[in-house]
Amino acid sequence: MPIRQMKESSEQHLVIKTHMQSSINQPQKHHKTAQNGKGPPQPLQESSNTKPPNQTSPPAKNRGRRRGRGGRKSDQGDVCMRPSSRPCTVVHKPVVNPIGDLLSTTSNGPIETGKNVCEMEMGLGFPTSSKSLSFARRPGYGQVGSKCIVKANHFLAELPDKDLNQYDVTITPEVTSRSLNRAIMAELVRLYKESDLGTRLPAYDGRKSLYTAGKLPFAWKEFAIKLVDAEDGIGGPRREREYKVVIKFVARANLFHLGQFLAGKRADAPQEALQILDIVLRELSTKRYCPVGRSFFSPDIRAPQRLGDGLESWCGFYQSIRPTQMGLSLNIDMASAAFIEPLPVIEFVAQLLGKDVLSRPLSDSDRVKIKKGLRGVKVEVTHRGSVRRKYRVSGLTSQPTRELVFPVDDISTMKSVVEYFQEMYGFTIQHTHLPCLQVGNQKKANYLPMEACKIVEGQRYTKRLNERQITALLKVTCQRPRDRENDILQTVQHNAYDQDPYAKEFGIKISEKLASVEARILPAPWLKYHETGKEKDCLPQVGQWNMMNKKMINGMTVSRWACINFSRSVQESVARGFCNELAQMCQVSGMEFNSEPVIPIYSARPEHVEKALKHVYHAYTNKTKGKELELLLAILPDNNGSLYGDLKRICETDLGLISQCCLSKHVFKISKQYLANVSLKINVKMGGRNTVLLDAISCRIPLVSDIPTIIFGADVTHPENGEDSSPSIAAVVASQDWPEVTKYAGLVCAQAHRQELIQDLYKTWQDPVRGTVSGGMIRDLLISFRKATGQKPLRIIFYRDGVSEGQFYQVLLYELDAIRKACASLEPNYQPPVTFIVVQKRHHTRLFANNHRDRTSTDRSGNILPGTVVDSKICHPTEFDFYLCSHAGIQVESLFLRYGDGGGWGFVMDKLFLRERKRNMVPVAFPSFTIQGTSRPAHYHVLWDENNFTADGIQSLTNNLCYTYARCTRSVSVVPPAYYAHLAAFRARFYTEPAMQENGSAGSGAGHGAKGTRTGESGVRPLPALKENVKRVMFYC
């Protein structure tokens, strides 16, 4: 959690809010609509004679004005709309922006894009530093939904009643290793605890800070500590090093301040006190286990499981102290990670290569793979008896051991490695055909035979996992909710915080019971389908529904399409049959789809992807005399390497083709469910809608339906661990229809490596002719919304994914400022009110049913029901946040599907967020297996709210949007705008360079998509531009 930097309470803080002059923002009582009956809810009329909450009826033809659930009263007349893309017609009243200027009252007024750019001083309307910034306060608690009790993996922690003191630690000579720092401090405590330290047991962060409960007897003191090098074993020469340790008093943490914050009486969290308590509770686990970030792992917690290729999974737990409404809580969750198996190096190499290395010579590719696998790995020698010195591998010799010689003195007397080990250690090297490991400094040759080395235990593997390893790891990590809950409870009991000497020293007490939390289950929204289907409306059950007897509400027409078959195993007749089946499914689902391609199905080899695509494109163009090819179907091999990425890059940035990829295994085994899902994706890629919220077309969504509202989603994806040159990819999507808010256009850009702030939200540059030119993704999407709807947005809702708590201030300051400037550049005084919401999936809060045996409170997977929302007890003491589990748990075979339609991997339908965020996983075909995990609720944190949402308003809107995800008939775990932004960012990574195959060789294809483009000001090569017809549709689906 970031430090809240605020002035003293005696000073007033300017926190600007936009207040609507109309009665939109006046709080009203909630009118509940029927959400659990047999028919869709009836819209509320102007009359106060509304139906009781549980009464249901079919949709009424006359749509009247209503007061929205969780929203504000609107006195603007809403006009009933048939299911279409046309917006609600409303009369707008003036809106006061943060600076006090009035927006134009004419919603159809032009958005100026010429030279008259309004240069506004953003500091007038929005704080320019965190010192004057305050996040949105909680406006109250939600009331909508049926109440229930859930358990959360939060354990109440009692505040200590002792003074917490911080001391600065300086160790000379300087030490960079945390483990060595801890060893030095442990020796100091062992020697001086009872004397100089006054019996205090300090907690140490491994770097510069030491913490105590109560003051030490001194304010400054220097200690001399001698430490024996632990890497020299018993019986060998033991090196003793001396360190000077200076401990100096710095400050005392204010626990009263922390108590005030937890009670909701202060807005700024005392970060120092929280940090001290967190370090204290981690101290014993750090000594017991292998710490990785905020998690701890050990082979003793659960037996390690082999992942293959010399890796194994270790079980562990995550631990973090958090301020919540119930007080301090300790968040505990189970964790798993890949570690390098502590094998003899020769055995590790044999597993890595998958072959016997003792009898066969190594090829050049073998050496490259070994070098890549062992670089940076710590090994210990085994040829010196009890002396087990440790070294870090820096490379691999190009020559076999039998050919290696090195100088043994200053006059360059040469000796072979074989002779040296025999004479020095009496060790006979058996496998002289193998290369030696190079260890230590690259400049000085240090050779170790592979057979004399063993990998040191406890080294986490941070590189990319292959398909088999991911599959094996997921089998270990995915647990049923009941099993995960039991493991968490066992972990807390095993950690025995009541016996922890550090917790005792600081007076911290941890409960052993899961927190019991009040929750509500929000009702599922009614969905609208086309009038020509047998079922025109649908109420999802337990987060899912299907397309039987339904037709897409806006089915598109596909008259001109072609197909390329890149799979050798698929015969032309089989491909033709598959295409025919797919065309029929599209027709049944509500599209007009030509049964025959405009040119015969073309077969090509994967390595000729660019040639094949251009051949089909030109063949079609010549035949139709310039008419646009509307859709390209592509049949890909199951294991297609870089083919998918190359195809998408060429189609979307070069040829301007909308494409849909299908794996050959689905072509051979045609499934109606698969075809139905593909048809959903094709329809939105063509610009259609599959379904919309009934409340949307009835103009009944609070703070969305009353005035033109645009909903943004934004995300940044970063390169995998260990990759230090690739750019980060930012993506922004925005709704392009109102009031339906279902279609999202997307834009992408490359930016500096691991830069989280989205750089291209708004930008200006100098043009020789036009002068200062404004642009950026926000500006372009606002213009696109205006073109699509005929109206300019008068409200902005911005869902931002991928931001950690420590980045909240920075992201809000920078990106809200960019939104402001983008709006101001379009029209003088144009400042629509903004609600800025961070979406987090990478957290460790889990919610469990209060009674796992009660089938009415869980879904079939044993998880809590979709729509479960929590905004009390475990949430922030004062700020506007909530946890929402909007999706049902899954229990399926073939757990993984491609992101998009063949490009990356995510949980089927929804479980996207295990994904490549930790590590960009290679797109490959996974074997089928049945697996079931624990649902992870999304955490929504409203950082800025000028639209004055109530808790019910934003929670219901977010939950309802999760039912509009275009690619499946399930509610998803993250609000679709944020989900789409992630998909778009992931897709754009294919535009940077041809995808790299696992063996490191570049795939075939067009080469760099941005060939010939200059490097931008940030030093990052710009992405190739998307074609205009691609930009307009949901190409990333």
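This section describes the aromatic ring contacts of the structure. The model is a predicted one, and 27 aromatic pairs were identified in it.

One of these pairs is formed by F296 and F317, whose ring centres lie 5.5 Å apart. With an angle of 35° between the planes, the arrangement of F296 and F317 is classed as tilted. F296 belongs to strand β9 (residues 295-297) and F317 to strand β11 (residues 311-324), so the contact ties together parts that are 21 residues apart in sequence. Both partners fall below the 20% limit under which a residue is counted as buried: the relative accessibility of F296 is 0%, and that of F317 is 1%.

A tilted pair is also formed by F421 and Y425, with a centre-to-centre distance of 5.6 Å and 50° between the planes. Here the two residues lie in a single element, helix α6 (residues 417-425), where a spacing of 4 residues corresponds to about one turn of the helix. The partners are assigned to separate accessibility classes: F421 is buried, with a relative accessible area of 3%, whereas Y425 is partly exposed, with a value of 29%.

Aromatic contacts also extend beyond individual pairs. Y744, Y965, Y979, Y980, F1035 and Y1036 are joined by ring pairs into a cluster. In addition, a charged side chain is placed against an aromatic ring: K215 is positioned over the face of F249, at 4.9 Å from the ring centre.

Methods:
Residues numbered from 1 in each chain as written. Predicted model: local features only at pLDDT ≥ 70, side-chain atom pairs only at ≥ 80, totals over all residues. Heavy atoms only, no water. Phe/Tyr/Trp six-rings, centres within 6.5 Å; stacked < 30°, edge-to-face > 60°. Buried < 20%, exposed > 50% of the residue type's maximum accessible area, 1.4 Å probe, protein only. Lys NZ or Arg CZ within 6 Å of the ring centre and 35° of its normal.
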